[in-house]
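Open your viewer and get ready to click along. We will begin with the whole chain and then stop at a handful of residues.

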Amino acid sequence: MSSLKGGVGKTTVTLGLASAAFSRGLRTLVVDFDPQSDVSTGLAVNPEGFANVANVLESPKEKTVRSAIAHSGWNDYHEGGKIDLLVGSPSAINFDGPHPSTRDIWKLEEALAVVESEYDLVLVDCAPSLNALTRTAWAASDRVLVVAEPSLFAVAATDRALRAIEEIRRGVSPRLQPLGILINRTQPQSLEHQFRIRELREMFGPLVLNPQLPERLSLQQAQGAAKPVHMWPGEASQEMAANFDLVLDRILRSAGMDAGRAGASNAPTATVVEN
């Protein structure tokens with residue numbers, strides 16, 4: 001999950017998609033690659049006693065990778081789903097220089113290769129920048145979901161993100177593609193929001209995904225309680241859960257997967273970055 005502008009809700013989207021995957025029984029690994037490490041909190045993970053992404057970037061060996069993976073507290077809610085977390089750390093900022101080496105860019109790919117056969121889906125919550133952490137995440141991924149809000153600055157950031165994805169695809173990882181642009185925190189009654197949504201559609205056409213995600217307090221409440229939005233009561237939370245289900249469908253189709261076989265041991269793994 002990616003955005004070159006902070007505050008657009010990419011961590012919220014990461015957790016919403018994790019909830020959708022969990023509700024379908026997909027084996028999912030969430031990688032907390034944002035030094036703010038908010039995903040760890042939202043997935044009800046206590047990082048004490050675990051290694052973290054900084055240790056993995058220092059040494060992407062199997063022992064280190066496995067010691068940095070924690071079971072989410074969500075797993076207590078039903079037996080069908082599996083959500084694990086590659087634990088985040090503020091120390092990841094030490095690996096976010098502006099000029100990463102080729103060796104550094106492939107470290108997350110090397111780490112995920114150790115465990116990817118054990119998961120159907122990997123979601124990476126990125127830092128809101130175009131430095132080494134984001135490039136490393138993109139190199140390890142099949143698709144990038146660009147999260148935007150309907151504002152002037154987010155439109156400009158989305159354009160920069162898509163240009164940067166193309167740069168990484170051509171120069172580093174030919175398999176990388178944009179999954180699309182997910183517009184978050186919309187207010188349907190706002191004329192400014194409607195103008196910016198039209199502007200995004202005019203600029204990026206079919207890359208702008210449906211549905212757009214409205215601003216909903218219930219989503220923040222579910223995340224504040226460290227619970228999946230699919231299990232949070234109320235019509236508003238179920239509306240958001242249905243929206244995340246539709247985005248997950250797009251992810252699975254892009255990887256040639258479907259929910260019916262995604263839990264099989266021989267199913268492919270789709271790695272999606274949210275930036």
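## The whole chain

The protein chain has 11 helices and 7 strands; both are DSSP runs numbered from the N terminus, with at least four residues (H or I) for a helix and at least two (E) for a strand. Its radius of gyration is 17 Å, close to the 19 Å that the globule rule gives for 275 residues, so the chain is as compact as a globular protein of that length. That radius is taken over C-alpha atoms, and the globule rule is 2.2 Å times the number of residues to the power 0.38.

A word on the model before you zoom in. It is a predicted model, in which local features need pLDDT of at least 70, side-chain atom pairs count only at pLDDT 80 or more, and totals for chains, interfaces and linings use all residues. Residues are numbered from 1 along each chain as its sequence is written, and side-chain values use heavy atoms, leaving out hydrogens and water.

Show the C-alpha atoms alone: they fill a box of roughly 50 × 45 × 35 Å along the principal axes. Of the 275 residues, 55% are buried (buried means under 20% relative accessible area, exposed over 50%, and partly exposed in between, with a 1.4 Å probe and protein chains only). Now turn on the surface. The accessible surface comes to about 11,300 Å², and 51% of it belongs to carbon and sulfur atoms; such areas come from the Shrake-Rupley method with a 1.4 Å probe, and for residues only the protein chains shown count as cover.

Next, colour by charge. You should find 26 positive and 32 negative side chains, and the centres of the two sets lie 5 Å apart. Lys and Arg count as positive, Asp and Glu as negative, while His and the chain ends are not counted; each charge is placed at NZ of Lys, CZ of Arg, CG of Asp or CD of Glu.

## Stop one: two strands

Select Thr 28, which lies in strand β1 (residues 27-32). At 0% relative accessibility, Thr 28 is buried. Which residues does Thr 28 contact, leaving aside its neighbours within four places in sequence? They are Ala 21, Lys 82, Ile 83, Asp 84, Tyr 119, Leu 121 and Leu 123, where contact means heavy atoms within 4.5 Å.

Move on to Asp 125 in strand β4 (residues 121-125). Asp 125 also counts as buried, at 0% relative accessibility. Show side chains here: Asp 125 makes a polar contact with the side chain of Lys 10 at 3.3 Å and another with the side chain of Thr 14 at 3.5 Å. A polar contact is a pair of N or O atoms within 3.5 Å; within protein, one must be able to donate a hydrogen and the other to accept it, and residues adjacent in sequence count only if both atoms are side-chain atoms.

## Stop two: Gly 88 and Asp 38

Gly 88 sits in the loop between β3 (82-86) and α5 (102-105). With a relative accessible area of 12%, Gly 88 is buried. Its C-alpha atom is 6.7 Å from that of Pro 35, although 53 residues separate the two along the chain. Not counting residues up to four places away in sequence, Gly 88 touches Asp 32, Ser 37, Ser 40, Asn 52 and Val 53.

Now select Asp 38, in helix α2 (residues 38-42). Is Asp 38 buried or partly exposed? Its relative accessible area is 39%, so Asp 38 is partly exposed. Apart from residues up to four places away in sequence, Asp 38 touches Thr 11 and Asp 32.

## Stop three: a covered helix

Select helix α7 (residues 132-139), where 8 of its 8 residues are buried. Among them are Arg 135 and Trp 138.

## Stop four: backbone details

Arg 185, in the loop between β6 (177-183) and α9, has a positive phi near 60° without being a glycine. At 26% relative accessibility, Arg 185 is partly exposed. Ala 226, in the loop between α10 and α11 (235-254), is not a glycine but has a positive phi of about 55°. Ala 226 counts as buried, at 13% relative accessibility.

Finish at Pro 211, in the loop between α9 (191-204) and α10 (217-224). A cis peptide bond joins Asn 210 to Pro 211, with omega about 5°.
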